[in-house]
Amino acid sequence: MDLYQQLKADLQRGRFAPGTPLKQSEIADYYGVSRIPVRDALARLKVEGWLTGHGKRGVAVPLLDPQEAEDLYLMRMRLEPLLLELAAPSLNGELLGRARDILDSMEATPKQTPALDAAEIGRLNWLFHTELYRAAARPTLFNTVEQLQRQCERYIGYQNRSLDYQATSQREHYQLLALLQRGETEKACTLLERHIAAAGRMLVAHLRKPRD
């Protein structure tokens, strides 16, 4: 894992709290690397929205913004059901089977395997949706949804860590697959819209709560 991937995963895990300034020298010491890869990684993460400007040339971990979170889920709850509806006629047993395998790999088995961290849960969650959405063969719409997903990643990581939402998400994903396997596309799209909306509203309400 290169520095960019490692730093991004640590941001998603919550290793650096929102609002924390990140200095190149401190990051270089923390990860045991030179400043050049640190500079490049921080610049890339800033472009992707994982970091924000701080001071004249510095960066910081952005605060979690309830309005941004609301905008993101409102867009997702409109576009993702549309993409699923377009994909549904092309979903076959093989594609649905691969999607189920991804869900199964996310099931925690503490006696055998350590629980997945937020970064890995986020990666597998998007991989599950990708298996369904790519069947639509609508690259422009897919790329827009993928960009929204990238913007949501830090919120999804926070939600899974702080609101213990993963069990609910898993249950609804399995329900979604069952509907698609039965050819109940309209119900599947309705469930997906509710799934995104409920998670979004819970997160926004939590972010808007006054802090002690």
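A residue is called buried here when its relative accessible area is under 20%, exposed when that area is over 50%, and partly exposed in between. With this scale in hand, the charged pairs of this predicted model can be described together with their surroundings.

A search of the whole structure finds eleven salt bridges, and three of these pairs are listed below, among them one that joins two helices.

| Pair | N to O distance |
|---|---|
| Lys8 and Glu153 | 3.3 Å |
| Arg15 and Asp10 | 3.3 Å |
| Arg39 and Asp40 | 3.5 Å |

The salt bridge between the side chains of Lys8 and Glu153 ties together parts that are 145 residues apart in sequence, because Lys8 belongs to helix 1 (residues 3-13) while Glu153 belongs to helix 7 (residues 139-162). Both Lys8 and Glu153 are buried.

In the pair formed by Arg15 and Asp10, Asp10 has a relative accessibility of 1% and therefore counts as buried under the 20% cut-off, whereas Arg15, with a relative accessible area of 47%, is partly exposed.

For the salt bridge that Asp40 forms with Arg39, the accessibility values are 43% for Asp40, which counts as partly exposed, and 44% for Arg39, which is likewise partly exposed.

Beyond these pairs, Glu94, Arg98 and Glu131 are connected to one another through a network of salt bridges. As a general point, side chains of opposite charge can pair when their charged atoms come close.

Conventions:
Residues numbered from 1 in each chain as written. Predicted model: local features only at pLDDT ≥ 70, side-chain atom pairs only at ≥ 80, totals over all residues. Heavy atoms only, no water. Salt bridge = Lys/Arg side-chain N within 4 Å of Asp/Glu carboxyl O. Helix = DSSP H or I, 4+ residues; strand = E, 2+ residues; numbered from the N terminus. Buried < 20%, exposed > 50% of the residue type's maximum accessible area, 1.4 Å probe, protein only.
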